[in-house]
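Colleague: Could you walk me through the labels you put on this model? I'd like to see the reasoning behind each one.

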Amino acid sequence: MSKALNVLIIDDHPLIIDSYQRALKQVVLVNNRLKFNIDAANNCDIAMLKLERAKTNGGIDLVFLDMRLPQSKDGSILCGEDLGIKIKNTFKDIKIIVSTTYNNAFKISSVLKNLNPDGFLVKNDITLSVLIDAVNNVVFDPPFYSKTVMKILRKQSANDFIIDSIDRKILYELSNGTKMNELPQILPLSIAALERRKRILKDVFNVVGKGDRDLLLLAEENGFI
């Protein structure tokens, strides 16, 4: 008897969605224990709508999630990482395979620590065979990490920092021109707490000086804005 899994692919690139669909079809061809009901969403708002609707329609078992998504319309979800955390907190039994174009220790360590996905793919590592292996491993024996993620994991002891959702919101607001003294109106922290977080972010990115320009440039380069 085949096992039917409901799958939601969340990515804003049609070619990537097509690649995941082809991989899922290949998995079914070689494993008659599996069957997939596939749906897709190309932004955070549509994804959350489909996840909510699925609560009363069989649920979602597996999510493919791009880390570099546009923010939600209300600004509560800034990127795929935020969406993934929300999904994990709301839908306890969902398995998530994330993908990212970023291959640096900053971003990969952040996703691992904040989201702890069942599968983690760097897009430069992705081939059809890698996708097939990822699906099989995540369904039956998670986790699955592509080769670049494994390289980062081997060095992870040197990367003990964590950049959370509040840090990302600070970086996002500063990049949009918001002043530090305006942030307490947006985030539930005092100006002293916000300044402390910014100092820590500068330490993480090895930024020297009082200005924010270098911090924001490095944050963008590493996929946090």
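Modeller: Sure, let's take the labels one at a time. This is a predicted model, where local features need pLDDT of at least 70, side-chain atom pairs count only at pLDDT 80 or more, and totals for chains, interfaces and linings use all residues. Residues are numbered from 1 along each chain as its sequence is written, and side-chain values use heavy atoms, with hydrogens and water left out.

Colleague: Why is Asp 66 called buried?

Modeller: Buried means under 20% relative accessible area, exposed over 50%, and partly exposed in between (1.4 Å probe, protein chains only). Asp 66 has a relative accessible area of 2%, so it counts as buried.

Colleague: And why is Ile 38 called partly exposed?

Modeller: Ile 38 has a relative accessible area of 33%, so partly exposed is the label.

Colleague: What makes the Asp 66 side chain and the backbone nitrogen of Arg 68 a polar contact?

Modeller: A polar contact is a pair of N or O atoms within 3.5 Å; within protein, one must be able to donate a hydrogen and the other to accept it, and residues adjacent in sequence count only if both atoms are side-chain atoms. The Asp 66 side chain reaches that nitrogen of Arg 68 at 3.3 Å. Likewise, a polar atom of the Asn 104 side chain lies 2.8 Å from the backbone nitrogen of Lys 107.

Colleague: Which residues does Asp 66 touch, leaving aside neighbours within four places in sequence?

Modeller: Contact means heavy atoms within 4.5 Å. On that basis Asp 66 is in contact with Ile 10, Asp 11, Asp 12, Gly 80, Ser 99 and Lys 123.

Colleague: Where does the 4-aspartylphosphate note come from?

Modeller: From UniProt, where an unreviewed entry lists Asp 66 as that modified residue. UniProt positions are given in the numbering used here, feature names are shortened, and annotations may be inferred rather than shown by experiment.

Colleague: What makes E3 and E4 a pair?

Modeller: Helices (H or I, at least four residues) and strands (E, at least two) are DSSP runs, numbered from the N terminus. Two strands pair if DSSP finds at least two bridges between them. E3 and E4 have 5 bridges, in the parallel sense. The chain crosses from E3 through helix H3 (residues 80–90) to E4, in a right-handed β-α-β crossover. Right-handed means that, with the strands pointing away from the viewer, the path from the first strand over the helix to the second runs clockwise.

Colleague: Why is E4 described as largely enclosed?

Modeller: Because 5 of its 6 residues are buried, E4 is largely enclosed by the rest of the structure.
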